[in-house]
Amino acid sequence: MEKTPFKAESKRMLEMMIDSIYSNREIFLRELISNASDAIDKLYYRALTDETLTFDKDKYYIKISVDKDNRTLVVKDTGIGMTKEELESNLGVIAKSGSLAFKAENEATDGHDIIGQFGVGFYSSFMVADVVTVVTKALDSDSAYKWESSGVDGYTIAPTEKIETGTEIRLKLKENTDDDNYNDYLEEYRLRSIIKKYSDFIRYPIKMDVTEQKPKEGSEDEFEQVSEEQTINSMVPIWRKNKNELTDEDYENFYMEKHYGFDKPLQHLHISVDGMVRYNAILYIPEQTPFDYYTKEYEKGLELYSNGVLIMSKSPDLLPDYYSFVKGMVDSEDLSLNISREILQQDKQLKFIAKNIKNKITKELQRMLENEREKYEKFYNAFGTQLKYGVYSDYGMNKEDLQDLLMFYSSKEKKLVTLDEYVSKMPEEQKFIYYATGGSYDRIEKLPQTEMVSDKGYEILYLTEDVDEFAIKMLVNYKEKEFKSVSAGDLGIDDEKKEQSEAEENENKVLFGAMKEVLGDKVKDVRISKRLKNHPVCLTADGEVTIEMEKVLSQMPNNQNVKADKVLEININHDVYKSLKDAFENDKEKLNLYTNLLYNQALLIEGLPVKDPVEFTNDICKIMV
Ligand code: ADP
Ligand code: MG
């Protein structure tokens, strides 16, 4: 029979898998059992919600059997089965696992590791088998089909006979090599331990024929080999178990089994609520940012079960956007099975659960912040940006919840600090929480605008992410202390110098007026700087829109061309100022030159583009000759 080639990406994945020196092959069984369980879930759900279907609990099971002579391992389920089309679309291409996309994003990383971390569903069979055969009959269908493949060169599909609805996956195990003993997967004890390890909580019985030595009937000292079918798994879902019975490893295994992430969980949270609304939940905070996290493709959501039956694999209504990184599941007896997606959104119970979950996550994060700082920082590095978006979005509705979870880099501590830590260390006379914005900590460190505030001994928060200043503006204040940019028009630092400056300002009005004329619309004003010490010049902004915000906004797709009202500040204690004055009095041409040079320098310091770099360099040459 002619073979249908796999879709390109599946082929690559298969090759990777087959060639990989794979240390954790045993997870193929977890994958097959998980698929079997999913298939029974689908049927079970149909039986519960469709009155024309009868419901017989004993009918739902998974059976593992071996044929040692032929070196085959069979995983059979009584699930919903697959039609011919479903065979094509589900097994001809790597489905939703996302693993290949992950690989593509991280070409530099070694593909094997990635597979090792989370498996790739059905395809992991090829890690242990030369030939994989799937015999399946779909619910409501009269015909059965056989799908077969021996790896990268494609697959065949042909009609076959099968009486029961469901699927049988037959693995013809690879030949043993010096390093790998595939016969292992024919041994009862080995299979049993793999099932126990990864699939113990599966809701349906995983059956296996187990051979045991039993005393011969009517005899005291004679034994015989008796083979009988046993259920290997305890079938208690992990979320129904008592927390005390569970180890970190159990939670980790569940995370892997469920493919909640490519990584390990950083933290798990097991919730059992037994009040007005009853529910159990297992939630995870992943260790790493998913590769697609900050893209439109990323979908938030938790698995939703109604009394143990999966009703939705990603219910977005259970999580606020700012906690969209949380993975896991929720099971509630109080939800109706027949509930539709639209009604679910309105559902009172669900809303209650969502709110409850949100609060638990907040509490857990606070607990981590207080007691496990290092872990929290790891979390914050991965998902802190999302919290800041959370502060900013929905018109700041959630800022109260989130503000205590925020951290920013501190000029003094040289590490991340919370707002509470900042405020508690403020000297009494300090009125504001100061922050500076820029592309990196290093750059901000060197910003002339920070000079005055630093000089006063005040701590400055360094804001390096696009969202930072927007979040800060949304907060307005923290513990009654207002936020203030070091570039703000008025820094709120009282100084005797101030009066004096005003006097000087009058005196210099004419000079600055002339400079403003040179610059035209490029700046709103030219002023004496009250914040500069060593640098001759800097740019600040009047009004609500800061220079950093202008930068961020100008990159947005629907750029509204929002501009900051830029002010060129001159340090009158700097020698350059003398030159300016001199030029103003004696040489107008020179004043033009100096003004343009200073303006362009200020732009460069801000990380803004100089409009005409050639002219700028020509100007520099002019003063050199
Ligand atoms: P995933 O389980 O993440 O969707 P898999 O590679 O494990 O990815 O499986 C691909 C698809 O093949 C499943 O989504 C399912 O539709 C189908 N499938 C696999 N095994 C079975 C089975 N035993 N019964 C019915 N369908 C199955
Ligand atoms: Mg799967």
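1. How many bridges pair strand S2 (residues 72-77) with strand S6 (residues 166-173), and is the sense parallel or antiparallel? A friendly word before the reply: what you have here is a predicted model. S2 and S6 are joined over 6 bridges, and the pairing is antiparallel. If you want a spot to look at, find Val75, which has Ile169 of S6 opposite.

2. S6 has another partner to look at. Strand S3 (residues 129-137) is joined to S6 by 8 bridges, and these two strands run antiparallel. Here Val135 is a good landmark, with Glu168 in S6 as its bridge partner. As background, the strands of a sheet pair through hydrogen bonds of the backbone, in either a parallel or an antiparallel way.

3. Now to the ligand. Which residues come nearest to ligand 1? There are 10 residues around it, and the nearest are Asn35, Asp77, Asn90, Gly121 and Phe122. Asn35 places a polar side-chain atom 2.7 Å from an oxygen atom of ligand 1. Phe122 contributes through its backbone, where an N or O atom is 3.0 Å from an oxygen atom of the ligand. Thr167 makes a contact with a nitrogen atom of ligand 1, at 3.4 Å from an N or O atom in the Thr167 side chain. These contacts are easy to display if you select Asn35, Phe122 and Thr167 together with the ligand.

4. Next, an open sheet. Its 6 strands follow the order S15-S14-S17-S16-S19-S18, and the pairing is mixed. S15 and strand S18 (477-478) are the edge strands, each pairing on one side only. Inside that order, strand S16 (residues 432-437) and strand S19 (residues 481-485) pair in the parallel sense over 4 bridges. One residue pair to check is Ile433 with its bridge partner Phe483 in S19.

5. Two loops belong with this sheet. Ser411 sits in the loop between strand S14 (407-410) and strand S15 (416-418). Is Ser411 buried or exposed? Its relative accessibility is 12%, so Ser411 counts as buried. A polar atom of the Ser411 side chain lies 2.7 Å from the backbone nitrogen of Ile460. The other loop, between S18 and S19, holds Lys479. Lys479 is not a glycine, yet its phi is positive, near 45°. For context, most residues other than glycine have a negative phi.

6. His259 also deserves a look. Just after helix H7, His259 takes a positive phi of about 55°. The loop that holds His259 runs between helix H7 (248-257) and strand S9 (265-274). With a relative accessibility of 35%, His259 counts as partly exposed. Within H7 itself, the buried residues are Tyr251, Asn253, Phe254, Tyr255, Met256 and Glu257.

7. Following on to S9 brings you to Asp274, which is found in that strand. Asp274 has a relative accessible area of 69%, so it is exposed. How far apart in space are Asp274 and Ser124? Their C-alpha atoms are 39 Å apart, and the two residues are 150 residues apart in sequence.

8. Strand S21 tells another story. Of the 6 residues of S21 (residues 537-542), 6 are buried, so the strand is largely enclosed by the rest of the structure. Val537, Leu539 and Ala541 are buried on one side, while Cys538, Thr540 and Asp542 are buried on the other, and both faces are thus covered. S21 and S22 run antiparallel and are joined by 6 bridges. Within this pairing, Ala541 faces Lys566 of S22.

9. Lys566 leads us to the second largest pocket, as it is among the residues that lie nearest the pocket centre, along with Tyr599, Leu603, Pro609 and Lys611. Which elements give two or more residues to the lining? They are helix H17 (547-555), strand S22 (565-570), helix H19 (588-606) and helix H20 (613-624). In total, 26 residues line the pocket, and about 620 Å³ of space lies in it. By kind, the lining has 12 charged, 8 nonpolar and 6 polar residues.

Notes: Residues are numbered from 1 along each chain as its sequence is written. Chains are lettered from A and ligands numbered from 1 in the order in which they are written. This is a predicted model: local features need pLDDT of at least 70, side-chain atom pairs count only at pLDDT 80 or more; totals for chains, interfaces and linings use all residues. Side-chain values use heavy atoms; hydrogens and water are left out. On a 1 Å grid over the protein atoms alone, a cavity is a set of points where a 1.4 Å probe fits but cannot get out, and a pocket is an open set with protein on both sides within 12 Å along at least five of seven lines; lining residues have an atom within 4 Å of a point. Grid points are joined across faces, edges and corners, and a volume is the space filled by probe spheres set on the points. Ala, Val, Leu, Ile, Met, Phe, Trp, Tyr, Cys and Pro count as nonpolar, Asp, Glu, Lys and Arg as charged, and the others, Gly among them, as polar. Buried means under 20% relative accessible area, exposed over 50%, partly exposed in between (1.4 Å probe, protein chains only). Two strands pair if DSSP finds at least two bridges between them. A residue is near a molecule or strand if one of its heavy atoms lies within 4 Å of it. A polar contact is a pair of N or O atoms within 3.5 Å; within protein, one must be able to donate a hydrogen and the other to accept it, and residues adjacent in sequence count only if both atoms are side-chain atoms.
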